[in-house]
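Morning, everyone. Please have a look at the model on the screen, and I will go through one sheet and one ligand site.

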Amino acid sequence: MAGKETHLSLGDWLQSMRMWKFETLGDFARVTRWLDVCRKKDKTVKAMSTYFRNMHSVLRDCTTQYEEKVIALDAATKPVLTSMDMPALSGMQLSTGENLISSFHKKAAEMREWFDGLWKKPADEFLNTWSETVDDSEKYFNLMNRLVRDFANFEVLIICLPGTGSAITNKPVQQCLEDMFWLNMRMIRMLDLIRTVRQSWRSNRRSWGFLNPTTDLRDMIVTLFQEYIEEADPIRIAAKQAKALSTGRSYSKYRFWRAAESFRQMAGVDYGSGQDRTPRMTRNYIKTDLQSVPAVVTDFQRLDWAIKEIVNNALAATCVIRFEQQGLMAEPLARHMGASSASAVKISLVAREGAGDKKTLRLTVTDGGHGIPRDHLYSTYLWGYSPRRAELQAQFLESHAKKSVKKNAVLIGGKGIGMPFARAVFREHGGDLTIADSSDVGTTIIMDIPAPSAVPQLKLIS
Ligand SMILES: Nc1ncnc2c1ncn2[C@@H]1O[C@H](COP(=O)(O)OP(=O)(O)OP(=O)(O)O)[C@@H](O)[C@H]1O
Ligand SMILES: [Mg+2]
């Protein structure tokens, strides 16, 4: 509704950010305009104070809520998480006599104490401390690190620990993990917003914050396959390894190496030879049908990651992976063998019209893989649910027996994080992810993102 005036106070704005849906980009634009007006009226210090105080109380509130969730989680999973064997099993370095939960409570208490101490300071000191923290990269990253390391990923960590499997698949526990995920997101983004807005004040520029206002989804998909091809290039990998060796630095594998490597083999990527190597796919393993669609506002990195998780799953479902001495060997399912076979994975992108000026961008990933059994459909959305894990563990034992295969070659993946993470990211963008269909001949995943509508004009209330 372009041109319509909206009355919004900072408190309203913060309220509207509760779920961090991406409609809030409009709200973020409003707050930066609000700050601009304050600057013109020479009320910046007061505005900054209000802003930081508001953000601060949300952050503090998050740590409290997060701690409450951990207590609930602890009660629901007992005695798994409080087991004294847990620190050793998880490879975590905790003080003697501490377990995962008690160490979490300790960290949460420290954090809250820090927030409370700050809150009690007089207005100018409060503002100064915050400004210093976010202006100094080291201090900022320390704080971010504490939030991320001690709080965020706790729910992901639990899933990865041995022995938590059956304890986490019940509904209350899943709800807890979901809530913790959202709280993490809010904490990290609040901090990110504080820093971004502060930077925009300092540089006297309007800022769009951590959001990338123009993501071209079509481009994102095309780039994804280019990235796989590049990252799986044996010559490039060898060069990187040689460089690591000569500089004494460790060689870190590409995060989605399993997908990239199986893609390279299944699509029969030929890198060409000579100076001018131009990679091309010799098999029609993945087919894309990507329309040009309007650019959308996204959290680029997380969305990119989410899409990769879904493509990962599609690739894994359409092939059989073995670990041999020479590395990962991916072989398409029998029905995808042969030069003339239809594509094993199809990806389409379309813009769908909705009511009013509402458009939705729909990304569909269809694979001809082994499918998800009907009675497992709901569980697939849950954090930590992974039938693939058992499969990978069997491969691990088998390859371990062969000694020559590196252990960590197999142990990556199979955590049951891909699907719930991708779903959370699409929901966070105001859209959704659903398993539209699955049978023993394949699976269709639908991912929707609303296209942006015009941002309303702001009229400030003093
Ligand atoms: N396209 C698909 N076809 C068949 N099964 C699928 C597909 N996508 C997901 N699944 C099933 O759902 C389970 C959960 O998927 P999810 O991505 O959450 O975890 P994962 O792939 O097992 O592990 P991770 O993604 O953490 O490495 C998988 O183990 C697999 O059994
Ligand atoms: Mg997965």
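Val 350 has its bridge partner, Arg 362, in strand 10. A strand here is a DSSP run of E with at least two residues, a helix is a run of H or I with at least four, and both are numbered from the N terminus. This is a predicted model, where local features need pLDDT of at least 70, side-chain atom pairs count only at pLDDT 80 or more, and totals for chains, interfaces and linings use all residues. Residues are numbered from 1 along each chain as its sequence is written, while chains are lettered from A and ligands numbered from 1 in the order in which they are written.

Strand 9, residues 345-353, and strand 10, residues 359-367, are antiparallel and joined by nine bridges; two strands pair if DSSP finds at least two bridges between them.

Now the whole sheet. It is open and mixed, with five strands in the order 5-9-10-12-11. Strand 5 (286-290) and strand 11 (432-439) each have a single partner strand, so one side of each has no neighbour in the sheet.

Next, a helix on the sheet. Helix 10, residues 217-231, packs there and touches strand 5, strand 9 and strand 10. Contact means C-beta atoms, placed from the backbone, within 7 Å.

Last, the ligand. Which helices each supply at least two residues of the shell around ligand 1? They are helix 13, helix 14 (387-401) and helix 16 (418-428). Helix 13 gives the largest share, four residues.

Notes
Two residues are in contact if their C-beta atoms, placed from the backbone, lie within 7 Å. Axes are lines fitted to C-alpha atoms, for helices over the stretch in contact, and angles run from 0 to 180 degrees between N-to-C directions.
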